Amino acid sequence: MADPKEAVLSLEGLTVEFARGGASYPAVKDVTLHVAPGEMVALVGESGCGKTLTALATLGLLPPGARVSRGKILLGGTELGGLAQDQWDRYRGKDLAMIFQEPMTALNPLMKVGRQVGEAARMHGAGKEEARRRALEAMAQVGLPDPERLYEEYPHQLSGGMRQRVMIAMALINRPRLLVADEPTTALDVTIQAQIMELLLQMNRELGTAVLLISHDLGVVRRLCSRVYLMYAGSLVEWGSTEEVLASPLHPYTKGLLDSIPSWEKRGTPLSSIPGAVPALEERRSRGCPFYDRCPRRREVCREKSLPLAVRGTQGARCVDAKEAINP
């Protein structure tokens, strides 16, 4: 378990709200997580659970209408919450960086690739020639062929996998302490997905960069991450070492996600699924378990009561059923 005092990133009770029609709706609710130096940690959940919003809050990039209403964002003990945009710019791209889901929308289509990679170095003090040299080094480091040629090309001239490697080169050019990777293989074919994930693991090991991986793919998380946090409807429902959580999950939501993963053992049988969908922001529960309406193990006490913390070793969950399973 990461020691919060030594963590590169600590989110402590982070709550992000949207203001709509005179009311406030928490899209991320009381999230606490830690990422240690050199560690790769996963934040997992279905689409709409608040994973990307958590990542954007971590870099001070919340969309209009969203705000951090409570909690702390700590980078190596330095409080980042509440910074003005020019103050955020001192940290973004240097101490913390992000790989976005869609490289074609994240890259400027009118700017040559090499200049975009070197821009982060220029923003943090590098001269023009130094930025070019470091950009070429970063492009080579992430496995892009013929960096000198690609430096002069535009994003539309590159394949999806190459554009994603460009995004990784941009994120790593200043050797950040923390890298947030938000679904970094979305829309890529299976072979390229594997290459990108292996590249992230290589960067994590060789450079010692802490990585927060945003994902819905538990198979990828099992291979790459030492610890995992499970998020549902903006709240953390389970967390712990990846090995413990995936081998013996405590929360019904985690169990449902694991049961829905295809495998050779399940070949020829209908895949399991979690009935229903993640509720819209305005429809989420203000009390009780956020997973109540979809939970096969729900009870009346789960509807209204504060959820107990169930702890087994370094594994934890917010669930009545899990609490009773551990302490029958």
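What is the volume of the second largest pocket? In this predicted model, the second largest pocket has a volume of about 470 Å³, and it makes a convenient place to start the tour.

**Stop 1: the second largest pocket**

Select Arg92, Gly93, Phe100, Ala120 and Met170, which are the closest to the centre of this pocket among the 19 residues that line it. Then add the secondary structure elements around it: β6 (96-99), α4 (113-123) and α7 (160-172) each supply at least two residues of the lining, and α4 contributes the largest share, with four residues. If you colour the lining of the second largest pocket by class, you should find 13 nonpolar, three polar and three charged residues.

**Stop 2: helix α7 and Gln164**

Stay with helix α7 and select Gln164, which is found in it. Is Gln164 buried or exposed? Its relative accessible area is 0%, so Gln164 counts as buried. To see what surrounds Gln164, display Ile99, Phe100, Gln101, Pro103, Pro184, Thr185, Leu188 and Ile196, which Gln164 touches when residues up to four places away in sequence are not counted.

**Stop 3: the eight-stranded sheet**

Next, select the strands of the open sheet of eight, whose order is β6-β7-β8-β3-β9-β10-β12-β11 and whose pairing is mixed. At its edges stand β6 and β11 (309-312), each of which pairs on one side only. From one strand to the next, the twist of this sheet averages 15°. Helix α7 from the previous stop packs on the sheet, where it touches β6 and β7 (178-182), and its direction makes about 175° with that of β6. Within the sheet, select strand β3 (residues 40-44) together with β9, and you will see a parallel pair held over four bridges, in which Leu43 stands opposite Tyr229 of β9.

**Stop 4: helix α11**

Now select helix α11 (residues 252-259), which is mostly covered, since six of its eight residues are buried. Those buried residues are Pro252, Tyr253, Thr254, Gly256, Leu257 and Leu258. Showing α9 (218-224), β9 (227-232), β10 and α10 (242-247) alongside brings up the elements against which the buried residues of α11 pack.

**Stop 5: the enclosed cavity**

How many cavities of 30 Å³ or more are there? The count comes to one, and about 80 Å³ of space lies in this largest cavity. Select His251, Cys289, Cys295, Cys302 and Cys319, which lie nearest its centre among the 13 residues of its lining. By class, the lining of the largest cavity divides into nine nonpolar residues, one polar and three charged.

**Stop 6: the four-stranded sheet**

Turn now to the other open sheet, in which four strands follow the order β2-β1-β4-β5 with antiparallel pairing. Why is one side of β2 and of β5 (78-79) left without a neighbour in the sheet? Both strands stand at the edges and each has a single partner strand, so one side of each remains unpaired there.

Select β1 and β2 first: nine bridges join these antiparallel strands, and Leu9 stands opposite Val35 of β2. The two strands form a hairpin with two residues between them, and in the turn Gly21 has a positive phi of about 55°. At the other edge, strand β4 (residues 66-75) is joined to β5 by two bridges, again in the antiparallel sense, and Leu74 has Glu79 in β5 as its bridge partner. Finally, add helix α1 (residues 51-58), which lies across β1 (9-20), β2 and β4 and runs at about 110° to β1.

**Stop 7: the largest pocket**

Keep strand β2 selected for the last stop, where about 740 Å³ of space lies in the largest pocket. Of the 31 residues that line the largest pocket, those to pick out are Lys29, Asp30, Ser235, Leu236 and Arg318, which lie nearest its centre. Both β2 (23-35) and β10 (235-241) supply at least two residues of this lining, and β2 gives the most, with seven residues. Colouring the lining of the largest pocket by class separates 15 nonpolar residues from seven polar and nine charged ones.

Technical notes:
Residues numbered from 1 in each chain as written. Predicted model: local features only at pLDDT ≥ 70, side-chain atom pairs only at ≥ 80, totals over all residues. Heavy atoms only, no water. 1 Å grid on protein atoms, 1.4 Å probe; cavity = no way out; pocket = protein on both sides within 12 Å on 5 of 7 lines; lining within 4 Å. Points joined across faces, edges and corners; volume = space filled by probe spheres on them. Nonpolar A, V, L, I, M, F, W, Y, C, P; charged D, E, K, R; others polar. Pairing = 2+ DSSP bridges. Contact = heavy atoms within 4.5 Å. Axes fitted to C-alpha atoms, helices over the stretch in contact; angles between N-to-C directions. Buried < 20%, exposed > 50% of the residue type's maximum accessible area, 1.4 Å probe, protein only.
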